[in-house]
Amino acid sequence: MGKENQNQNQTTSAMEIDNQKANTSDQIGPKFSINVLQLLKSAQMQHGLRHGDYTRYRRYCTARLRRLYKSLKFTHGRGKYNRRAITESTVTEVRFLHVVLYTAERAWSHAMEKRQVLDGPNARQRIYLIGRLRKAVKWATLFAQLSAIKGDSRTSLEAEAYASFMKGNLLFEQDRNWDTALLNFKSARAVYEELAKYGDLENQVLCRERVEELEPSIRYCLHKIGESNLQGSELLHIGEMEGPALDLFKAKLEAVMDEARSQQAASMTEFHWLGHRFPISNAKTRVSILKAQDLEKDVLGSSANSLPTEKRLAIFDKIFTAYHEARSCIRSDLVSAGSSENVKDDLNGLDKAVSAVLGQQTIERNLLLVSIAKSKLTKRRDDKNERTTKPEELVRLYDLLLQNTADLSDLVSSGREKTSEEVAFAAECELKSLAFRAERCFFLGRSYSLAGKRVEAYALYCRARTLAEDALQKFKAVDNADQQVVIKELKLLCDECRSNSCIEHATGIMEELKAPENLSQQISNIHISGVDTKEKFLLEKLEVYESAVGDSNVRSAARIEAFPPPIQTIPRNPIVLDLAYDHIEFPSLLNRMKKETKGFISRFWR
């Protein structure tokens, strides 16, 4: 019996030891889980990359690393710096993996910050940029290695895709080993395509977005190694996509387009404008003008209507920037021209021509803003919660168009002897100015109509109709095929002016006839309290769901609370006038007063 008990004790102790070993093995090797793409995307969108601010994102990564080091008590010494490496044995919780990941992100964001330097990074900055990308690749590779050991299968896959993406970015920036870069981008895309099939909906959407962001880089690598026949327009179409993963691609594409423009600018020696030819000797001026002309084809060509309005406005901004760069180069050449009169005349003429083209593009942009405002003029506020356009805004836009047209006409009319093209251009500016005046007068009348001023609105509509008919006759006399759209708009404006003037006339007569009746009704509704009891204010009808502001398209005072508040009667203390007080004789009270007793010595000190 004793031996059997001893054997049972030995077996139970052996089982306990085995259980302890299993538990300790589970405690030694826990599997961490990180949703890498979702974590990075939220951090990037919340800290600067929504607007392309890589400096802010880099500072966030630095602050995040500082907090992680302090919370983990993994600082690198207090006085002297003592490097502490993160190895497999160091990673005892998931925050150590966050340290490695955010270090890679900090290096990558620093490189992208250097990429956004004005006029591109110079040779020294590009060496530093590539060094930061190498650092990002190093930390991303370490993150992938640690995740393969310490993380679960999904975390390991995402870490491998992240490391491949960083390696591809480095090779992409170095302009070499396109095959290896293509292999890295394809491996990252394959991982994200597989991850897009599993997980929650948000993660699937993020993975699909990353696949779309990687596609332009893959196509560009195929183009560089000769396996794809991409044209320049297709590359520009790819470059219109948005996302932090595409910033390197956009920078590379911009460099390629600048190089192509520089090669094309070598053959551009003159600038043609209204019958004049101005020589261009500065290479930077030629590149800026070519860039602006390429952008003009996108915004004024046949495919311009398919572009969204925000994109067209952004292209106009780029056109203005390119022409301003050209003008700054021309003025720098004027300063360094010396006393050569012929060179100065050519440069002044070129500056005048570029300024005139810039004025034309400004008019086109303002016309685009007018079309956007007109499309929102008749909308209600509840249509997609958009803000409606007021007629005053269109009046302001037409004021700008009139000023732009006057400036352009003065610029063309000034200076040297005018050619026939310049005379025709000045006459066209006058016609446009007349049409703009008619449109401005129409919307000014509409503004007065909404304010309830019928006489002024009627007079303005009649004036707008006169101006529109005058402009229509002059446009028909020109007989230009390009002006058919303007003629159609002027005919429509004449009809609208006539109909609106009739409506204002009839409304004015009706209001005049109803004026005595309305006056008597208003007088009958007058109360001592000064409050109109028929139409309640907002504070009096809080239980009713009804707007107190009124229609957004009609000018009316908001009925929230009566101001100034009505006078109310309040009780107060009575006023007593005591007239008998001064005539009453009161008895003497001297005998009741206490007499002061003094000693013998105090008599001497009176």
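How much space lies in the second largest pocket? Point 5 takes this up.

1. **Basis.** This is a predicted model, in which local features need pLDDT of at least 70, side-chain atom pairs count only at pLDDT 80 or more, and totals for chains, interfaces and linings use all residues. Residues are numbered from 1 along each chain as its sequence is written, and side-chain values use heavy atoms, with hydrogens and water left out.

2. **Overview.** The chain has 18 helices and two strands. Both are DSSP runs numbered from the N terminus: helices are H or I with at least four residues, strands are E with at least two. The chain has 606 residues, and 37% of them count as buried. Buried means under 20% relative accessible area, exposed means over 50%, and partly exposed lies in between (1.4 Å probe, protein chains only). Now take contacts, meaning heavy atoms within 4.5 Å. Of those between residues at least 6 apart in sequence, 65% join residues at least 24 apart.

3. **Cores.** A nonpolar core is a set of buried Ala, Val, Leu, Ile, Met, Phe, Trp, Tyr and Cys residues, joined through side-chain atoms within 4.5 Å. The largest one holds 67 residues, and Phe-271 and Trp-273 touch the most other members. Elements that give two or more residues to this core include β1 (270-273), α12 (309-335) and α17 (484-513). Helix α13 gives the most, with 12 residues. Another core lies apart from this one; its 43 residues include Cys-61, Phe-74, Leu-129 and Met-166. As background, nonpolar side chains tend to be buried together in soluble globular proteins.

   Which residues does Trp-273 touch, not counting those up to four places away in sequence? They are Phe-278, Lys-352, Ala-353, Ala-356, Val-357, Gln-360, Val-412 and Glu-422.

4. **Hairpin.** Strands β1 and β2 pair in the antiparallel sense over four bridges. Pairing requires at least two bridges found by DSSP. Glu-270 has Pro-279 of β2 as its bridge partner. Two residues lie between the strands, and Leu-274 in this hairpin takes a positive phi near 50 degrees. Side chains alternate along β2 (residues 276-279). His-276 and Phe-278 point to one face and are buried, while Arg-277 and Pro-279 point to the other and are not.

5. **Second largest pocket.** About 1,000 Å³ of space lies here. The search used a 1 Å grid over the protein atoms alone: a cavity is a set of points where a 1.4 Å probe fits but cannot get out, a pocket is an open set with protein on both sides within 12 Å along at least five of seven lines, and lining residues have an atom within 4 Å of a point. Grid points are joined across faces, edges and corners, and a volume is the space filled by probe spheres set on the points. The lining has 29 residues, with Glu-364, Leu-367, Lys-432, Val-486 and Glu-489 nearest the centre of the pocket. Helix α13 supplies the largest share, eight residues.

6. **Second largest cavity.** Two cavities of 30 Å³ or more occur in the structure. The second largest holds about 40 Å³ of space. Among its lining residues are Pro-279, Ile-330, Asp-333 and Leu-347. Helices α12 and α13 each supply at least two lining residues.

7. **Leu-183.** Is Leu-183 buried or exposed? Leu-183 counts as exposed because its relative accessibility is 61%. This residue is found in helix α7 (residues 178-195). Gly-168 is 15 residues away along the chain, and the C-alpha atoms of the two are separated by 8.1 Å.
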